[in-house]
Amino acid sequence: MTWGSLDAFLAMGGHGFHVWGSYGVTILCLFLEVFFLHKRTKS
Amino acid sequence: MNFDLFRFAAPQAFFPVAGKLIPWFSVIAGVLALAGLYVAFFVAPTDATQGEAYRIIFIHVPAAWMSMFLYLVMAGWAGFGLAFHTRLSGMMASAIAPTGAMFTFVALWTGALWGKPTWGTYWVWDARLTSELILLFLYLGFIALKSAIADPVRADRAGAILALVGAVNVPIIYFSVQWWNTLHQGASVSLTRAPSMAATMLIGMLLMALAAWMYSIAASLARLRAIIRERERDTEWLRMQRAAA
């Protein structure tokens with residue numbers, strides 16, 4: 001286990017913005033692609 | 001009975017096969033991604049020089065690999081269709097393009113967010129970053145060109161030529177860090193020598209890369225089925241399938 005607490009995990013050693021900004025946008029992209037694929041398949 | 005792989009070049013033969021494969025690839029992608037994320041955040045140690053910001057590479061590197069690999073697969077199918085006039089090939093290329101463009105965008109985005117804490121800048125016009133940006137434009141150009149031509153056969157042909165010409169950009173991206181003096185670092189993982197990182201970091205990255213691979217197959221197959229449905233709307237086999245459903 002690398003992290004002492006949830007706060008430390010979210011802070012990412014002061015780089016929370018960069019790390020979570022990367023992971024967040026990636027998840028958003030995947031979500032959008034699957035959403036539009038689903039919509040296209042339905043129509 | 002002899003098994004004829006070319007049978008699956010016909011949309012009506014491949015359509016049900018793709019439908020059966022999609023859930024499998026989706027589940028495998030999900031399991032690999034969860035395992036990869038666990039290693040990325042709870043097993044891999046803090047990087048000695050880059051601190052925690054390096055954890056971005058667990059998506060950046062697989063996304064960058066996929067962006068290049070998917071382009072080559074797309075160009076391969078497009079070229080195959082151009083040479084052999086197989087109906088499915090052009091659709092296959094169209095099915096891959098948006099997923100490839102998505103991974104290219106993710107590679108650029110995560111690269112920028114990694115670059116800021118590591119190099120002190122979100123963006124520089126060095127050879128690696130610029131050629132990856134060109135890759136995004138090639139994907140978007142391919143999608144735009146194909147959707148601009150109403151006749152699907154002509155659209156496939158025009159798209160194939162664009163995809164094949166653009167393929168020259170892929171080795172440029174890959175070797176850019178060796179050919180030019182780039183701010184982007186050289187490859188940490190290569191087939192010819194031992195990787196320059198901790199084993200757990202490598203395992204996390206490979207798990208995420210495999211997940212991205214499985215996801216790409218599932219997404220491309222799902223889009224392929226949508227494209228087949230759209231293009232073959234008026235054919236007898238789809239009409240029968242609609243009636244049966």
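How many residues does each chain, A and B, bring to the contact? Chain B puts in 25 residues and chain A puts in 17. Keep in mind that this is a predicted model. Here's a quick tour, starting with chain B and ending with one helix pair.

**Chain B on its own**
- Chain B is built from eight helices and zero strands, so reading from the N terminus you get α-α-α-α-α-α-α-α.
- Its C-alpha atoms fit a box of roughly 65 × 35 × 30 Å along the principal axes.
- Of the 245 residues in chain B, 40% are buried.
- Take the contacts in chain B with a separation of 6 or more: 77% of them link residues 24 or more positions apart.

**The side of chain B that touches chain A**
- Helices H3 and H7 (199-231) of chain B each chip in at least two residues here.
- H3(B) gives the most, with 11 residues.
- Sorted by class, this side has 16 nonpolar, four polar and five charged residues.

**Where H2(A) meets H3(B)**
- Helix H2 of chain A (residues 16-42) and helix H3 of chain B (residues 87-119) have axes that come within 9 Å and cross at roughly 170°.
- Because angles over 145 degrees count as roughly antiparallel, H2(A) is roughly antiparallel to H3(B).
- On the H2(A) side, the contact residues include A:His18, A:Val25, A:Cys29 and A:Glu33.
- On the H3(B) side, you'll find B:Met102, B:Phe105, B:Trp109, B:Trp114 and B:Lys116 among them.
- The residues of this helix-to-helix contact split into 10 nonpolar, six polar and two charged.

Definitions and conventions:
Residues are numbered from 1 along each chain as its sequence is written. Chains are lettered from A and ligands numbered from 1 in the order in which they are written. This is a predicted model: local features need pLDDT of at least 70, side-chain atom pairs count only at pLDDT 80 or more; totals for chains, interfaces and linings use all residues. Axes are lines fitted to C-alpha atoms, for helices over the stretch in contact, and angles run from 0 to 180 degrees between N-to-C directions. Helices (H or I, at least four residues) and strands (E, at least two) are DSSP runs, numbered from the N terminus. Angles under 35 degrees count as roughly parallel, over 145 as roughly antiparallel, 65 to 115 as roughly perpendicular and the rest as oblique. Two residues are in contact if their C-beta atoms, placed from the backbone, lie within 7 Å. Ala, Val, Leu, Ile, Met, Phe, Trp, Tyr, Cys and Pro count as nonpolar, Asp, Glu, Lys and Arg as charged, and the others, Gly among them, as polar. A residue is buried if 20 or more other C-beta atoms lie within 10 Å of its own, exposed if 12 or fewer, and partly exposed in between; C-beta atoms are placed from the backbone.
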